[in-house]
Amino acid sequence: MALSAVTLLLGFVGAVGVVGVFWHFGRDLPDYKQLVGYEPPTVTRIHAGDGSLLAEFAREKRAFVPISNIPTKVIRAFLSAEDKKFYEHHGVDFIGIARALLTNLRRIGSNQRLVGASTITQQVAKNFFLTNEVSIDRKVKEAILAFRIERAYTKERILELYLNQIYLGQGTYGIAAASLEYFDKSIKELNYPEAALLAALPKAPSKYNPYKYPEVAKFRR
């Protein structure tokens, strides 16, 4: 009985602690509902009278593509590379976090790169609302926003936001702009190796840049 009482007490204290953390970090977070009408800034193009392209103006290379127009092979490539359990979790992959922690503990003191466990939903939260600051505070805020985004939007909408917002190197944001930059193709024309190469870029766009490091990019693909 005594052990059961202690267990219940510890469980209660733990639950109160979790609620307290969520309340503290969730008070002043950005309004995730603004994602409803999200329309990214795209390229402004100037054409001559005969229709030929004269100039393009843009701070970032972007082209928005609805999720319904994104080929299945492209979606599967990104899910395989970035979030295999995307359709199973509710914003945060706790098993993935535990696995990453164990891996990182083994790598402490070595030259091996530490691994992360951010889901696609967490990446949406970070890319739209937070900074790239490496801190516990940011990760907690990212997780809270991810839970809220999952409750408010469908998985398809979250994927659409991610695939159109993610930075893929060479000044490109989103898969449509990256496809044109690297392959001079629309995403519907991509083959499996090309889709896999794009999916390999979010982890480290500079490191896996196929123009600068073709062999490293090929290996990652």
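Lys 155 touches Phe 86, Tyr 87, His 89 and Glu 150, leaving aside residues up to four places away in sequence. Keep in mind that this is a predicted model. Besides Lys 155, there's a nonpolar core of 39 residues to look at, the largest one here, plus a loop residue, Ala 63.

**Lys 155**
- You'll find Lys 155 in helix α6.
- Lys 155 has a relative accessible area of 15%, so it counts as buried, the cut-off being under 20%.
- The Lys 155 side chain gets to the backbone oxygen of Phe 86, at 2.4 Å; Phe 86 is also one of the residues Lys 155 touches.

**The largest nonpolar core**
- Ile 70, Phe 78, Ile 149, Leu 163 and Ile 175 are the residues with the most contacts inside this core.
- Six helices are listed as giving two or more residues to the core: α2 (72-82), α4 (120-129), α5 (136-152), α6 (155-165), α7 (175-183) and α8 (192-200).
- Take Leu 163: with residues up to four places away in sequence not counted, Leu 163 touches Ile 67, Ile 70, Ile 75, Phe 78, Gly 174 and Ile 175.
- Among those partners, Ile 70, Phe 78 and Ile 175 also show up, like Leu 163 itself, in the list of residues with the most contacts inside the core.

**Ala 63**
- Ala 63 sits in the loop between β3 (61-62) and α2.
- Ala 63 counts as partly exposed because its relative accessibility is 23%, which falls between the 20% and 50% limits.
- Ala 63 and Ala 178 are 115 residues apart along the chain, yet their C-alpha atoms are separated by 9.1 Å.

Technical notes
Residues numbered from 1 in each chain as written. Predicted model: local features only at pLDDT ≥ 70, side-chain atom pairs only at ≥ 80, totals over all residues. Heavy atoms only, no water. Core = buried A, V, L, I, M, F, W, Y, C linked by side-chain atoms within 4.5 Å. Buried < 20%, exposed > 50% of the residue type's maximum accessible area, 1.4 Å probe, protein only. Helix = DSSP H or I, 4+ residues; strand = E, 2+ residues; numbered from the N terminus. Contact = heavy atoms within 4.5 Å. Polar contact = N/O pair within 3.5 Å; in protein donor to acceptor, adjacent residues only side chain to side chain.
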